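Trainee: Got a minute to go through a model with me? I'd like to start with the ligand and then look at some backbone oddities.
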Amino acid sequence: MADKVLRVGMVGYNFMGKAHSNAWRQVNHFFPDLPAKVELHTLCGRTKDATEKHAGIYGWNRTVNDFQELLDNPDIDIIDITSPNNQHAEMTIRACNAGKAVLCEKPLAMNVAEAEAVVAAAKKNKTINMVCHNYRRAPAIAFAKQMIENGDLGDRFFHFRARYAQDWIVDPEFPLVWRLQKSVAGSGSNGDLAAHLIDVAHFLIGGMKEVCGLMETFVKDRPVLAEVKAGLSATAGKKRGKVTVDDAVSFIGRFKNGAVGNIEATRFATGHKNGMEFEINGNKGSIIFNFEDMNRLKYFSVDDPVGKQGFRDILVSEGVHPYWKAWWPPGHIIGYEHTFIHTVADLITNVVEGKNTHPTFVDGLECQKVLDAVDASVKSRTWEKV
Ligand code: SOE
């Protein structure tokens, strides 16, 4: 294991803070050949008690309650931002200007203007940076990328069809958490869920050039938040407040490579918990993926013998599959948290080697351009250029 140590300062400790803490804690145990070890150096949170409590639970060595203290500490090499969306741009820019490497949760910003400022700060400071679109590093999706680059789906793409289906706020009495407030989240299902689908599409088949969308807010007001609980759960207070974001978004679009896009994200797909699914159709074949069955990739090839063609169901758990060497024998499947471990593993290599790999803040900006175009289309009720 390497002698070099990279010290991490992280802000935020709820759902994403938990996922990122696990990733930093586990990465060197499963990727022992990385060029550096990481130290969970400092956890930053607003309130002393809660920050100290979570630092103890997640294994952070120190705590601060002022983000600037992370930036001013010369010992800290990497800043990891898992705070709510409206803090991403400002914190990321300050971290770039402080000369740190930066990992920022998705979506990178609240809008394109903010995302452009983040990209400018990263360019000016030559920041080693990544936006945490973790699904790119699910082995099945990383393998899909290899298959596409190998020409397995052909050289022409016709459809990217995707749905991100959750149902955690179907109960109208679920409280008004920050993800339901535009001033904090920037958007609802669009920036929180469709962002992942857009980034996966960009990763696998390239950028979009125009979109036409609709949004719906099924439950217009909810009880205010009493207490944030683990993950996506929370308890309700007495007063009520307005929901100011989209509960569901659907949009069609055209990709630069000629493919047609049909993308939907919703928090009201009753029964679906984290159903991030997509299908890509090319002239030589198709793939189908669903994150709720994340170790499998369905693949159809026109080159299979006539009479024996069909979607084969690949269990993506062999040594040839991306990241799999770090884990277990075939079939001993991995989960959601491993996509974050793979993300920080590659970031550690990037920091030591002084290079950037996707998804960088530029990818975050490209994603934001689609999100904002969808939002504009909903308002104009017409097609909008990305
Ligand atoms: C909530 O919708 C959420 O936690 C997203 O914010 C994450 O990005 C996604 O990975 C799981 O669902």
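Mentor: Sure, let's take the ligand site and then the backbone. Keep in mind that this is a predicted model.

Trainee: Okay, how many residues surround the ligand, and which are the closest?

Mentor: There are 13 of them, and the closest are Lys106, Tyr135, Gln166, Asp192 and His196.

Trainee: What's the mix of nonpolar, polar and charged in that shell?

Mentor: Seven are nonpolar, three are polar and three are charged.

Trainee: And which side chains have polar atoms close to the ligand's oxygen atoms?

Mentor: Lys106 has a side-chain N or O atom 3.0 Å from a ligand oxygen. For Gln166, the distance from a side-chain N or O atom to an oxygen of the ligand is 2.9 Å. Tyr336 also has a polar side-chain atom, 3.1 Å from a ligand oxygen.

Trainee: How much of the ligand does the protein cover?

Mentor: On its own the ligand has 300 Å² of accessible area, and the protein covers 97% of that.

Trainee: So which pocket is it in?

Mentor: The largest pocket is where the ligand sits. Two elements give two or more residues to the shell: helix H1 (15-30) and helix H8 (189-205).

Trainee: Which element gives the most?

Mentor: That's H8, with three residues.

Trainee: Why do we say the ligand lies between the two domains?

Mentor: Because domain 1 (5-135) and domain 2 (138-331 + 366-385) both give residues to the shell around it.

Trainee: Switching to the backbone. Where are the cis peptide bonds you wanted to show me?

Mentor: One goes from Lys106 to Pro107, with omega near -10°. Another joins His358 and Pro359, where omega is about 0°. In general, most peptide bonds are trans.

Trainee: Hang on, Lys106 came up at the ligand too. Where is Pro107?

Mentor: Right, Lys106 is among the closest residues to the ligand. Pro107 is in the loop between strand S5 (101-105) and helix H5 (112-124).

Trainee: And which loop has Pro359?

Mentor: The one between helix H9 (336-353) and helix H10 (361-380).

Trainee: What about phi at Lys126, positive or negative?

Mentor: Positive: phi of Lys126 is near 50°, and the residue isn't a glycine. Most residues other than glycine have a negative phi.

Trainee: Where does Lys126 sit, then?

Mentor: In the loop between H5 and strand S6 (129-132).

How values were computed: Residues numbered from 1 in each chain as written. Predicted model: local features only at pLDDT ≥ 70, side-chain atom pairs only at ≥ 80, totals over all residues. Heavy atoms only, no water. Near = heavy atom within 4 Å. Polar contact = N/O pair within 3.5 Å; in protein donor to acceptor, adjacent residues only side chain to side chain. Areas by Shrake-Rupley, 256 points an atom, 1.4 Å probe, with all protein chains shown as cover. 1 Å grid on protein atoms, 1.4 Å probe; cavity = no way out; pocket = protein on both sides within 12 Å on 5 of 7 lines; lining within 4 Å. Sits in = over half its atoms within 2 Å of the grid points. Helix = DSSP H or I, 4+ residues; strand = E, 2+ residues; numbered from the N terminus. Nonpolar A, V, L, I, M, F, W, Y, C, P; charged D, E, K, R; others polar. Domains from an automatic or database assignment.
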